[in-house]
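Biologist: I'm new to this one, so could you walk me through it, one question at a time?

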Amino acid sequence: MTWQDKLSTSVKSVAPSGIRRFFDIAAKMKDVISLGVGEPDFVTPWPIRESCVYGLERGYTSYTANRGMLKLREEIARHYVEKFNVSYDVDTEILVTVGVSEALDLALRAILNPGDEVLIPEPCYVSYQACTFMANGIPVSVPAKIENEFRITPEELEPFITPKTKAILIGYPNNPTGAIMERDDLLKIANFAEAHDLIVISDEIYGDLTYGGVHECFAALPKMRDRTILLNGFSKAYAMTGWRIGYALSNPDFIAAMTKIHQYTILCAPITAQMAAVEALKRGEKYMKKMVADYDRRRHLIYEGFKTIGLESFEPRGAFYIFPNIETSGFTSEAFAEKLIQTEHVALVPGTAFGKCGAGHVRCSYATSIDKISEALNRIEHFLKSHK
Amino acid sequence: MKEILELLEHNARLTTGELASMLQKSEYEIEKEIAVLEKEKIILSYGALINWEKFGDDNVTAVIEINLTPQREVGFDAIAERIYRFDEVRTVYLMSGNFDLLVIIEGKSLKDVANFVATRLAPIEGVTQTRSHFMLKAYKKDGVIMEDDDRDRRLVVAP
């Protein structure tokens with residue numbers, strides 16, 4: 001008998017994130033250029049940080065309402081009316097959470113019975129499957145196609161529908177591919193969800209990071225508001241990853257159920273982060289737009305850079321990732337990532353960390369300086385030439 | 001064009017190729033636009049912002065407030081020109097308020113600067129008063145924080 005034997009079997013069966021191994025290799029090197037980071041390279045804009053400091057000085061150190069400070073919920077509600085013309089009641093339809101991660105966990109736990117199935121288009125964020133599984137659900141991976149720029153279609157989802165299918169979990173703009181779904185694409189998913197009476201969990205954390213167009217909010221589509229659990233937060237758009245602050249928006253029944261779990265497990269999101277989030281929504285937009293403009297320029301640079309060195313990629317339209325195809329190198333995506341970091345000291349993440357259909361691709365984050373992007377591209381080019 | 005200026009103001013070492021990719025233009029277009037901006041003297045020079053103190057230089061910088069008697073026809077311009085022609089003078093602004101010109105001077109020592117003010121600036125015809133303030137420390141210059149700790153604190157690989 002070991003301690004290992006005493007662990008819950010379901011937790012034991014969850015594989016650790018595939019990203020971890022590369023982190024361990026990279027952490028030991030000195031001159032690593034990392035394209036492996038899934039967070040902004042900016043620090044939180046000063047006015048947002050300053051408002052948190054001011055709150056602490058005035059003694060804002062207590063719990064808040066379980067659902068989050070009223071002021072923050074009001075700002076979130078206002079934001080959604082102004083931006084997407086979709087309204088949520090501040091008292092019953094908004095829950096402030098510890099990042100989108102918590103909101104995702106709550107959403108899945110609130111709706112899933114043991115054995116319920118969740119359709120998850122892949123490649124996708126590493127938590128989707130694991131959280132579904134730990135909420136006693138069954139994650140059903142649906143591979144998206146590169147030919148379709150990793151958008152998912154009802155035709156691809158249809159074969160995976162069973163009587164147990166309860167929900168579909170989508171995340172666009174997408175981590176790791178940078179894919180987005182346009183209004184027509186989403187309308188088809190909306191019809192599909194309605195036809196099969198599915199709940200839609202829509203993770204829109206990268207929504208503000210959409211380039212050359214506007215983000216389409218799934219809940220704002222006709223008849224989708226109540227069917228959707230909309231997840232969003234401050235981490236990516238306002239460079240606030242470490243604050244751990246996000247929220248969920250949905251019908252009162254779903255939000256009440258999620259709040260029940262939240263109040264017993266978390267109680268409330270940290271008041272410091274909530275105060276900063278209020279400031280972000282009130283006055284943060286100009287800083288956010290400046291960061292988005294920077295990401296956009298880097299996006300062009302890295303996209304053209306990969307084209308020049310002969311690695312094909314579709315043009316990413318959202319988030320801050322590009323997902324080039326590396327099959328011409330002759331390596332698998334894991335081998336490519338591992339050899340690259342060992343010989344050229346460039347860290348990136350193999351596509352398979354985000355689902356089987358990510359094979360042959362690597363995820364590169366361009367949330368890093370222009371100089372580093374250029375240098376990383378040089379090193380990757382050198383790598384390709386020396387492994388011909 | 002404005003975007004080129006903003007990018008170059010922040011980092012003059014960006015290559016034409018980088019600018020072309022970032023702004024979705026050809027290198028030829030970028031070169032042409034920059035040439036126009038240079039010709040029209042919108043781009044004046046490409047400098048680096050240097051923390052000389054860190055390099056070990058202990059030059060002295062002083063801000064001088066100068067009051068003037070304006071002259072017929074040319075107002076303050078002629079006197080300003082007599083002042084800004086000196087190499088020691090780094091910056092000259094015409095100001096509203098209690099004084100007329102704000103002049104920033106660099107010299108090797110306190111004495112050096114004081115001497116320059118006394119023998120060169122103060123005697124200029126039309127200068128009625130000078131007040132010198134010596135700079136003790138630069139915290140931020142042209143939008144750049146001098147001692148910013150901008151280490152990347154992120155983990156090397158993150159989901």
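Biologist: Let's start small: which residue of β3(B) does Glu65(B) stand opposite?

Modeller: Keep in mind that this is a predicted model. Strand β1, residues 60-68 of chain B, runs antiparallel to strand β3, residues 101-107 of chain B, and seven bridges join the two. Across from Glu65(B), in β3(B), stands Leu102(B).

Biologist: Okay, and in what order do the four strands of that open sheet in chain B come?

Modeller: The pairing in this open sheet is antiparallel. At the edges sit β2 (89-94) and β4 (127-134) of chain B, each of which pairs on one side only. Neighbouring strands are turned by 20° against each other on average, direction ignored. Reading across chain B, the order is β2-β3-β1-β4.

Biologist: Which helix packs on the sheet and touches β1, β2, β3 and β4 of chain B?

Modeller: Two helices of chain B come up here. Helix α6, residues 110-121 of chain B, lies across β1, β3 and β4 of chain B and runs at about 20° to β1(B). The helix you want has a direction that makes about 165° with that of β2(B), and it covers residues 77-84 of chain B: helix α5.

Biologist: How far apart are the C-alpha centres of domain 1 and domain 2 of chain B?

Modeller: Chain B is split into domain 1 (2-39) and domain 2 (52-136). Between the C-alpha centres of these two domains of chain B the distance is 35 Å.

Biologist: Now the other chain: how many residues of domain 2 of chain A are in contact with domain 1 of chain A?

Modeller: In chain A, domain 1 takes in 3-44 + 286-386, while domain 2 is 46-283. Taken over C-alpha atoms, the centres of these domains of chain A are 24 Å apart. On the domain 1 side of chain A there are 32 residues in contact, and on the domain 2 side there are 35.

Biologist: And which element gives the most to the domain 1 side of that contact in chain A?

Modeller: Two elements of chain A give two or more residues to the domain 1 side, namely α11 and β9 (321-322). By class, that side of domain 1 of chain A has 19 nonpolar, eight polar and five charged residues. The element that gives the most, with six residues, is α11(A).

Biologist: Where do the two chains meet, and how many residues of chain B are in contact with chain A?

Modeller: On the chain A side, α2 (20-27), α11 (285-308) and α13 (370-386) each supply at least two residues. By class, the side of chain A that touches chain B has 13 nonpolar, six polar and four charged residues. The contact brings 23 residues of chain A to residues of chain B, which number 12.

Biologist: Back inside chain A: are α4(A) and α10(A) roughly parallel or roughly antiparallel to each other?

Modeller: The axes of helix α4 (residues 70-84) of chain A and α10(A) come within 9 Å and cross at roughly 30°. The crossing is left-handed, and the residues making it include Leu72(A) and Ile76(A) of α4(A) along with Val278(A) and Leu281(A) of α10(A). Angles under 35 degrees get one label, so α4(A) and α10(A) are roughly parallel.

Biologist: What about α3(A): is it oblique or roughly parallel to α10(A)?

Modeller: Helix α3 (residues 46-57) of chain A packs with helix α10 (residues 271-283) of chain A at an angle of about 140°, their axes 8 Å apart. Roughly antiparallel would need an angle over 145 degrees. That angle therefore makes α3(A), relative to α10(A), oblique.

Biologist: Which residues of α3(A) take part in that contact, and what is the make-up by class?

Modeller: From α3(A) come Pro47(A), Ile48(A), Ser51(A), Cys52(A), Gly55(A) and Leu56(A). Among their partners in α10(A) are Met275(A) and Ala276(A). Counted by class, the contact of α3(A) with α10(A) has seven nonpolar, three polar and two charged residues.

Biologist: Last one: which residue does a cis peptide bond join to Glu122(A)?

Modeller: The peptide bond from Tyr172(A) to Pro173(A) is cis, with omega near -5°, and Pro173(A) lies in the loop between β5 (165-170) and α8 (183-195) of chain A. For the bond you asked about, omega is about 0°. The partner of Glu122(A) sits in the loop between β3 (117-122) and α6 (127-134) of chain A: Pro123(A).

Note on methods:
Residues numbered from 1 in each chain as written. Chains lettered and ligands numbered in written order. Predicted model: local features only at pLDDT ≥ 70, side-chain atom pairs only at ≥ 80, totals over all residues. Pairing = 2+ DSSP bridges. Axes fitted to C-alpha atoms, helices over the stretch in contact; angles between N-to-C directions. Contact = placed C-beta atoms within 7 Å. Domains from an automatic or database assignment. Parallel < 35°, antiparallel > 145°, perpendicular 65-115°, else oblique. Nonpolar A, V, L, I, M, F, W, Y, C, P; charged D, E, K, R; others polar. Left-handed = near helix turned anticlockwise from the far one by under 90°.
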